[in-house]
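Me: Please take a close look at one part of this model, the place where two helices cross, and then set that part beside what else can be said about the fold.

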Amino acid sequence: MRGDVRHYTGPGRVAHWLPVLLVLALLGGSVAAYRYDLGPRYLPWLSADPETEPAAVAPPPGLDLPEWTAPVIAPALPTTGRIDPVAVAAALGPLLDDPDLGKHVVAAVGDLTFGSEWTSVEKPDTYLPASTTKLLTVAAALEHLGPEARFTTRVVSGTSPREVVLVGGGDPYLASKPLTPDGAATAFPPRVDVVTLAREAAEALGGSGRVRVSYDDGLFTGPTASAGWRSDYVPDDIVSPITALMVDGGREADGYARADDPSLQAARAFADGLAQAGMKVRGKVARVVVPPDAAELAAVESARLGDIAERVLDVSDNEGAEVLGHHVGLATSGTGSFAAGAAGVGTTLQGWGIDTSGLRLYDGSGLSRQNRVSAATVLAVLRRVAGSEGGPLRSAVTGLPVAAFTGSLTYRFDEGPKAARGVVRAKTGTLTGVHALAGLATGRDGVVMAFVVAADKVAEADGLDAQEAIDQAAAALAACRCAASG
């Protein structure tokens, strides 16, 4: 029995080391997320959970809340809306000398008058934009399609008897199944799903009988991964292959792993829905090309583009941004691809009169480390969407995360500089060695400033400190009385 003896030495050693091990595990996870650009996918506590953000959290049982009353609107502070360059430089300049930001820092600040002279605190040369690229993609999509546009997923009759074809329309938030009532109540934007679509198609087919399922994802063409991405992005599940027919953003049922073939995954989920609706599905699911005159059996429409745009910016949705980029390509050249989308974004900015010198784009999400854009170009886009000419582009403003409250800024500024909370709205941009914020800040005197602050040569060990320095810079603008007098 000697081999079964366990010598118990008490809790002392374990109790002593367990907290240390837990701290090391948390730090290691955070470093891994930063080093490998994993973000919230593997470590969900690093970003906002879309179903537990403040607006979606119900009060605890038994809590009596006062009746809502309309707030008293304070009179607007007197301001010309113009910015004093000297005041901006005094507020921001010293913070940009922080050594944690590395050897290459860019910053630009301006008022919201599109086309007017802008204030630059640092040389506004090109930088690696990371996810601030999404601002350009979303703005271009809104320009060409409009905020009320919707993307249709269809089911049509195939060329052979009892063949049904699922046709992708590039809906970035198409779901594999209906949301639960609680999920449907809080999901933003609203989702349509292939199971509901399958039920409608089964009804159109009489509710019984044999069918064979095919799919057509030919709306998008070319490679499903950007030529500018790291070779491990798709194999290591950093991002999904981009197709016109994706469910759950190309994610598997566990919500983390990516499908090798998102279109096939979507078609199989649709086939399962047909089986649940009483149809007998036979044969293998296959890719086909449907003729343009194929008879439509059923269709579902996505949320409006304005809502999709807000979501993409709020949580920095890579797959959603790439799908919108492909739609930009379709709208500008008739081709839905990475290359066409990137080119379409560039021509859109040029059409607005924005200087795109040095602009190089390989994708719509900002995952490519080959992307380059000047701070002046990003600032001009912000002024376009937020200024008086914004109009249909307004979702690119309302989708910006709010400091300490929503999206990718929910857990930034919550313990950091208080001046930014609720008055800075900005798109984050983070890759290994890259930290950026681009958005709007309202100063103490009521003037609204568009700003871009970025550092793209940050030492790996200084990553978290660099992020904090960027946050401090945004907070300094919020605390500044930067309005020009007279």
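Reply: Helices H7 and H8 are oblique to each other, and this holds for a predicted model. The reasoning is short: the axes of H7 (residues 305–315) and H8 cross at roughly 135°, and an angle counts as roughly antiparallel only over 145 degrees and as roughly perpendicular from 65 to 115, so that the pair is classed as oblique. At the crossing the two axes come within 9 Å, and H7 passes H8 in a left-handed sense. The side of H7 that takes part in this meeting includes Leu305, Ile308 and Val312, which meet Gly320, Ala321 and Leu324 of H8.

Helix H8 spans residues 318–333, and asparagine 318 belongs to it. With a relative accessibility of 18%, asparagine 318 counts as buried, because the cut-off for that class is under 20%. Its contacts, once neighbours within four places in sequence are set aside, are Ser131, Lys134, Val239, Ser365 and Leu367.

Turning from the helix pair to the sheet, five strands form an open sheet in the order E2-E1-E13-E12-E11, with antiparallel pairing. Its edges are strand E2 (119–120) and strand E11 (424–431), each of which pairs on one side only. Within this sheet, strand E12 (residues 434–442) and strand E13 (residues 448–455) pair in the antiparallel sense over eight bridges, and histidine 435 stands opposite alanine 455 in E13. Helix H12 (residues 463–479) packs on the sheet, where it touches strand E1 (105–110) as well as E11, E12 and E13, and the direction of H12 makes about 15° with that of E12.

There remains the disulfide, and a search of the whole structure finds one. It joins cysteine 480 to cysteine 482, with an S to S distance of 1.7 Å. The torsion about the S-S bond of these two cysteines is about 100°, and the disulfide is therefore right-handed. Both partners can be placed by their accessibility: cysteine 480 is buried, with a relative accessible area of 7%, and cysteine 482 is likewise buried, with a value of 0%.

Note on methods
Residues are numbered from 1 along each chain as its sequence is written. This is a predicted model: local features need pLDDT of at least 70, side-chain atom pairs count only at pLDDT 80 or more; totals for chains, interfaces and linings use all residues. Side-chain values use heavy atoms; hydrogens and water are left out. A disulfide is a pair of cysteine sulfur atoms within 2.5 Å. Buried means under 20% relative accessible area, exposed over 50%, partly exposed in between (1.4 Å probe, protein chains only). Helices (H or I, at least four residues) and strands (E, at least two) are DSSP runs, numbered from the N terminus. Contact means heavy atoms within 4.5 Å. Two strands pair if DSSP finds at least two bridges between them. Axes are lines fitted to C-alpha atoms, for helices over the stretch in contact, and angles run from 0 to 180 degrees between N-to-C directions. Angles under 35 degrees count as roughly parallel, over 145 as roughly antiparallel, 65 to 115 as roughly perpendicular and the rest as oblique. A crossing is left-handed if the near helix is turned anticlockwise from the far one by less than a right angle, and right-handed if clockwise.
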